[in-house]
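Colleague: Hi! I'm new to reading protein models, so could we go through this one together?
Modeller: Happy to, let me bring it up.

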Amino acid sequence: MQAEKIEKKKINISKILNIVVSILFIILALNIMTAKSDKLFEIIGYRSYTVLSGSMEPKFYPGDIVITKHKNKTDIKINDIVTYRDNDGVIITHRIIEETPEGYITKGDNNNVEDADVLTKENIIGEVKFSIPKIGYVMDFLSKPMVIAAEMILLAVFIFFYYKD
């Protein structure tokens, strides 16, 4: 009886491991594809970015991932949190606090002053839909070319030994 319970737990853990590995692989593949291709980002509609500063605390903390929906697939309005490129090409995620004839005024929730540049519609990448806490640094690490190569080798070894029989 005890041996049967242990065997059942092992099977369940194996199934869970398969699901987790598959989901991680799919997420990494989609993230890599959308990060490299703006056309694919527009088709899929979502892309992830890692938060690097505390300007949006307590909503987002450094290391969080924000999932951004493409600007053509959403209606941008005041109080939305958007990801955009500033005039220097730096990617920023801040809240829209005001709309003017020239564009949008943005501000980080944790900042005392609004952003210096007026945000134009052309610079908006998309609207932030949700975040995943503290997984950003892990995803950035897993997206490095050398790590991806190691992941592919480990995945091949895993598939070979798991389906060996």
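Colleague: Which side chain does D80 meet in a salt bridge?
Modeller: That would be K77, with 3.8 Å from N to O. Keep in mind that this is a predicted model.

Colleague: Is D80 buried or exposed?
Modeller: D80 is buried, because its relative accessible area is 9%, and the cut-off for buried is under 20%. Its partner K77 counts as partly exposed, at 44% relative accessibility.

Colleague: What lets side chains like that pair up?
Modeller: Side chains of opposite charge can pair when their charged atoms come close.

Colleague: How many salt bridges are there in the whole structure?
Modeller: A search of the whole structure gives three. One of them joins the side chains of R95 and D109, at 2.8 Å from N to O. R95 sits in strand β4 and D109 in the loop between β5 and β6, so this pair ties together parts that are 14 residues apart in sequence.

Colleague: And how accessible are R95 and D109?
Modeller: R95 is buried, with a relative accessible area of 16%. D109 is partly exposed, at 29%.

Colleague: What about E127, which side chain does that one meet in a salt bridge?
Modeller: E127 meets K129, with 3.4 Å from N to O. E127 counts as buried at 8% relative accessibility, while K129 counts as partly exposed at 39%.

Colleague: Let's zoom out. How many helices and strands does the chain have?
Modeller: Four helices and six strands. Reading along the sequence, you get the pattern α-α-β-β-β-β-β-β-α-α.

Colleague: Which way do β3 and β4 run?
Modeller: They run antiparallel, and five bridges join them. Strand β3 covers residues 81–85, and β4 covers residues 91–100. As an example of a bridge, I81 has R95 as its partner in β4. That is the R95 from the salt bridge with D109.

Colleague: What sits between β3 and β4?
Modeller: The two strands form a hairpin with five residues between them. In that turn, G89 has a positive phi of about 90°.

Colleague: How many residues lie between β4 and β5 in their hairpin?
Modeller: Two residues. β4 and β5 also run antiparallel and are joined by five bridges, and the partner of E99 in β5 is Y104.

Colleague: Where does β6 come in, which strands does it pair with?
Modeller: β2 and β6 pair in the antiparallel sense over six bridges, with V66 and S131 as one bridge pair. β3 is joined to β6 by three bridges, again antiparallel. There, the partner of Y84 in β6 is I124.

Colleague: I keep landing on T106. Where is it?
Modeller: T106 is in strand β5, which covers residues 103–107. T106 counts as buried because its relative accessibility is 0%.

Colleague: Which side chains make polar contacts with the side chain of T106?
Modeller: The side chain of Y84 is one, at 3.2 Å. The side chain of D115 is another, at 2.5 Å. If you leave aside neighbours within four places in sequence, T106 is in contact with several residues, including H94, R95, I96 and L119.

Colleague: Switching to the surface: which residues form the nonpolar patch?
Modeller: F130, I132, I135 and V138 form it, with about 310 Å² of accessible area together. I135 is in the loop between β6 and α3, and I135 counts as partly exposed at 30% relative accessibility.

Colleague: What does Y61 touch?
Modeller: Not counting residues up to four places away in sequence, Y61 touches V51 and K134. Y61 and V51 are 10 residues apart in sequence, and their C-alpha atoms are 6.6 Å apart in space. Y61 is in the loop between β1 and β2, and it is partly exposed with a relative accessible area of 35%.

Colleague: Last one: how much of the chain is buried?
Modeller: Of its 165 residues, 32% count as buried. The chain exposes about 11,100 Å², and carbon and sulfur atoms supply 63% of that.

Methods:
Residues numbered from 1 in each chain as written. Predicted model: local features only at pLDDT ≥ 70, side-chain atom pairs only at ≥ 80, totals over all residues. Heavy atoms only, no water. Buried < 20%, exposed > 50% of the residue type's maximum accessible area, 1.4 Å probe, protein only. Contact = heavy atoms within 4.5 Å. Polar contact = N/O pair within 3.5 Å; in protein donor to acceptor, adjacent residues only side chain to side chain. Pairing = 2+ DSSP bridges. Patch = residues over 30% accessible without salt bridge, like charges linked within 9 Å, V, L, I, M, F, W, Y side chains within 5 Å. Areas by Shrake-Rupley, 256 points an atom, 1.4 Å probe, with all protein chains shown as cover. Salt bridge = Lys/Arg side-chain N within 4 Å of Asp/Glu carboxyl O.
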